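Student: Please take one part of this model and go through it slowly. I would like to know what surrounds it and how far the picture can be trusted.

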Amino acid sequence: MPRLSHHRLAAGAPRDFAALGRGVPPGKDTTTTLRQASARLVEIGEKGAVGDGGGAVAARIDLLGDRFLRRQVRVLVATAVAAAAAAAAAGGESEGAEGA
């Protein structure tokens, strides 16, 4: 399994998440408080296989808030996945260049 990493987002202050909501009715309050947000790599697989290196690796994203707008969590997760993929691609290119 790749090196276990765990990241936390600074949270706790109310923020306007209007840009992340989809189909939000006009005039609706879009200010929400994200209490906690974290992401880490986890190993998934057959029961009893976790920890033996035989399971697949996935990203686990935990979000805790006072409420969420329609489709807000989908947009947050999709954005995090896209950022991680871009960072992995950039890291892979730089590692390849160093080895040449």
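**A close look at L69 and its surroundings**

Tutor: This is a predicted model, and a good place to begin is L69. Apart from neighbours within four places in sequence, L69 is in contact with F17, A18, G21, V24, D29, T30 and T32. One of these contacts, F17, also belongs with L69 to the largest nonpolar core, whose six residues are F17, L20, L34, A37, L69 and V75.

Next comes T30, another contact of L69. T30 sits in the loop between β2 and β3. Is T30 buried or exposed? The relative accessible area of T30 is 11%, so this residue counts as buried, the cut-off being under 20%. With residues up to four places away in sequence left out, T30 touches R15, D16, F17, A18, V24, R67 and L69. With D16 there is a polar contact as well, made between the two side chains at 2.5 Å. D16 also has a partner across the strands, for it stands opposite T31 in β3. The strands concerned, β2 and β3, pair in the antiparallel sense over three bridges.

D29, also in contact with L69, takes part in a salt bridge. The side chains of R67 and D29 meet there, with 3.8 Å from N to O. R67 lies in the loop between β4 and α1, and D29 in the loop between β2 and β3, so the salt bridge ties together parts that are 38 residues apart in sequence. Neither partner is buried: R67 is partly exposed at 27% relative accessibility, and D29 is partly exposed at 47%. Side chains of opposite charge can pair when their charged atoms come close.

The loop between β4 (56-65) and α1 (72-99) also holds R71. What is notable about the phi of R71? The value is positive, about 65°, although R71 is not a glycine. Most residues other than glycine have a negative phi. R71 is partly exposed, with a relative accessible area of 43%.

For comparison, the search of the whole structure gives two salt bridges. Besides the pair of R67 and D29, there is one between R60 and D62, with the closest N and O atoms 3.0 Å apart. R60 is partly exposed at 37% relative accessibility, and D62 is partly exposed at 26%. R60 has a place in the strand pairing too: R40 stands opposite R60 in β4. There β3 and β4 pair in the antiparallel sense, over 10 bridges.

How far can the picture be trusted? The protein chain has an average pLDDT of 75, and 71% of the residues score at least 70. Confidence is highest in β2, at a mean of 87, and lowest in strand β1 (residues 6-9), at 54. Over residues 93-100 pLDDT stays under 50, and the model has zero contacts for them beyond four places in sequence. Where pLDDT is low, the predicted coordinates should not be read in detail.

To sum up, L69 is part of the largest nonpolar core and touches both T30 and D29. T30 is buried and makes its polar contact with D16, whereas D29 is partly exposed and is joined to R67 by a salt bridge.

Technical notes
Residues are numbered from 1 along each chain as its sequence is written. This is a predicted model: local features need pLDDT of at least 70, side-chain atom pairs count only at pLDDT 80 or more; totals for chains, interfaces and linings use all residues. Side-chain values use heavy atoms; hydrogens and water are left out. A nonpolar core is a set of buried Ala, Val, Leu, Ile, Met, Phe, Trp, Tyr and Cys residues joined through side-chain atoms within 4.5 Å. Buried means under 20% relative accessible area, exposed over 50%, partly exposed in between (1.4 Å probe, protein chains only). Contact means heavy atoms within 4.5 Å. Helices (H or I, at least four residues) and strands (E, at least two) are DSSP runs, numbered from the N terminus. A salt bridge is a side-chain nitrogen of Lys or Arg within 4 Å of a carboxyl oxygen of Asp or Glu. A polar contact is a pair of N or O atoms within 3.5 Å; within protein, one must be able to donate a hydrogen and the other to accept it, and residues adjacent in sequence count only if both atoms are side-chain atoms. pLDDT is the predictor's confidence in each residue, from 0 to 100. Two strands pair if DSSP finds at least two bridges between them.
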